[in-house]
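Please load the model in a viewer and keep a selection prompt at hand. The tour proceeds stop by stop, each with a selection to make and a description of what it shows.

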Amino acid sequence: MTATDSATDQVVTTDDIDAAARRIGDVIRSTALETSERLSEETGARILLKREDQQDVRSYKIRGAYNLMAQLNSDERSAGVVTASAGNHAQGVAFACRVLGINGRIYVPGNTPKQKRDRILSHGRNWVELVVTGANFDAAQAAARADAERTGATMVPPFDHPETMAGQGTIAAEILAQLDQAPDAVVVPVGGGGLVGGIATYLAEYAPDCKIIAVEPAGAASLTKALEVGEPVTLDHVDTFVDGASVARLGDFPYGVISSMTERIQVLTVDEGAVCTAMLDLYQNEGVIAEPAGALSVTALEQLDIDRDATVVCVISGGNNDVSRYSEIIERSLVHQGLKHYFLVKFPQEPGQLRRFLDEVLGPEDDITQFEYLKRNNREIGAALVGIELGSPTGLHSLLERMDASRIECERLEPGTAAYEYLT
């Protein structure tokens, strides 16, 4: 099969995946399968982390990109390649461009973290051109497709192609080779669906009793929507925080694979705030620097009914996380845990009102983490945005009671509302 064949007319097989493993074996790492003592104790199961963040490009995407590009003929290599990516696939393509000596143009959306942009150029060096365009992956993909049609370059899809999927499926082959017996479940993050499609294809033949858990962010649940409607559809809105999995439309080819295995594949969505908590826990306990998409699998564990002594593999799909994002990650985690809350406080314009607020309203374990004086509405009232971090989530009820009893007017800002998003 060539890179230009129609993906929807082909079927990826375990033979394709085994061939991909041989093709990429000298280029990619066979990543570690590590036991997480913490998660094993929390769940009662044996939780193993498949560390795809250990790849040279810090994600599994190198597998599919290199597998596809290594099969290009001489004419296709001369014409170059073009791709679109939220960042990780782009690094895989850039790496393959340099190793194979192929020129490439890489389109990424504007929300791609700077760390990923820098890594793309570092891996590709003078073999790649980086083009930043659009607000999300789908806009960047449209621009890349237009480029391929205009120039004759080969499009290297991040997930919607059998050779890409075959490359991603090599993870399943590695997992089985690393274990004495097949796992009871493999938990896989979902963006466009190529990873879960490849893994499910391989395990269906060689580990038919192994369950697949497909996990996607609540703000970009393209697989959930596709299964609900009966075909891939474009989501009206996508939360781009989990940038590595923020895909508005599931791939057609992955959908064909996934929809044929619904009895074996369980689909879950997880809140972006819960993902942030999982990222911080991985960093603080296991020393794993996971990006948001890389923590999806671990985040889903709390939703699963796992048998004690079961063996569960969580795919840590990537570790390309920009350190500048950690303040937002901590913030989202605190809000998700019920520890961080915001209020619009209207202080009477009288001496000592801030002291009154501290004495009458704030609890002994509460801490003001943000105080921003907004404006003076009139001579009597001045409004301020106040962020409060609680010592415990259970402290919210008593805090609200003290606010109601105070003569200082306090309005709680609810996450997800327009006022919350605007003021915070």
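Four cavities of 30 Å³ or more are counted in this predicted model. Begin with the largest cavity, which holds about 260 Å³ of space.

**Stop 1: the largest cavity**

Select Y60, K61, G191, G244 and A245; of the 27 residues that line the largest cavity, these lie nearest its centre. Then colour the lining by class: 12 residues are nonpolar, 11 are polar and four are charged. Which helices each supply at least two residues of this lining? They are α5 and α9. The largest share comes from α9, with three residues. The next two stops visit α5 and α9 in turn, each with a packing partner.

**Stop 2: α3 against α5**

Select residues 61-69 for helix α3 and residues 88-100 for helix α5. The two axes are 8 Å apart, and the packing angle is about 40 degrees. An angle of this size makes α3 oblique to α5. The crossing of the two helices is right-handed.

To display the contact, show side chains on both helices. On the α3 side, select K61, I62, A65, Y66 and M69. Their counterparts in α5 are N88, H89, G92, V93, F95, A96, C97, V99 and L100. By class, this contact comprises 10 nonpolar, three polar and one charged residues. K61 deserves a second look: this residue takes part in the contact of α3 with α5, and K61 is also among the residues nearest the centre of the largest cavity.

**Stop 3: α8 against α9**

Move on to helix α8, residues 162-178, and helix α9, residues 194-206. Their axes come within 7 Å of each other and cross at roughly 45 degrees. Is the crossing of α8 and α9 right-handed or left-handed? It is right-handed. Select M165, Q168, G169, I171, A172, A173 and L176 in α8, which form one side of the contact. From α9, add G194, L195, G197, G198, I199, Y202, L203 and Y206. The contact divides into 10 nonpolar and five polar residues, with no charged residue. In orientation, α8 and α9 are oblique to each other.

**Stop 4: α1 against α8**

Keep α8 on display and add helix α1, residues 14-24. Here the axes are 8 Å apart, at an angle of about 75 degrees. The two helices are therefore roughly perpendicular to each other. From α1, select D16, I17, A20, A21, R23 and I24; from α8, select E163, A166, G167, G169 and T170. This contact has five nonpolar, three polar and three charged residues. G169 of α8 can be highlighted separately: G169 contributes to the contact with α1 and also to the contact with α9.

**Stop 5: the largest pocket**

Finally, turn to the largest pocket, which contains about 520 Å³ of space. Its lining consists of 16 residues; select R332, V335, P415, Y420 and E421, which lie nearest the centre. The elements that give two or more residues to this lining are α12 (272-286), α14 (326-336) and α17 (418-423). Which element gives the most? It is α14, with five residues. Colouring the lining by class shows seven charged, five polar and four nonpolar residues.

Key:
Residues numbered from 1 in each chain as written. Predicted model: local features only at pLDDT ≥ 70, side-chain atom pairs only at ≥ 80, totals over all residues. Heavy atoms only, no water. 1 Å grid on protein atoms, 1.4 Å probe; cavity = no way out; pocket = protein on both sides within 12 Å on 5 of 7 lines; lining within 4 Å. Points joined across faces, edges and corners; volume = space filled by probe spheres on them. Helix = DSSP H or I, 4+ residues; strand = E, 2+ residues; numbered from the N terminus. Nonpolar A, V, L, I, M, F, W, Y, C, P; charged D, E, K, R; others polar. Axes fitted to C-alpha atoms, helices over the stretch in contact; angles between N-to-C directions. Parallel < 35°, antiparallel > 145°, perpendicular 65-115°, else oblique. Left-handed = near helix turned anticlockwise from the far one by under 90°. Contact = heavy atoms within 4.5 Å.
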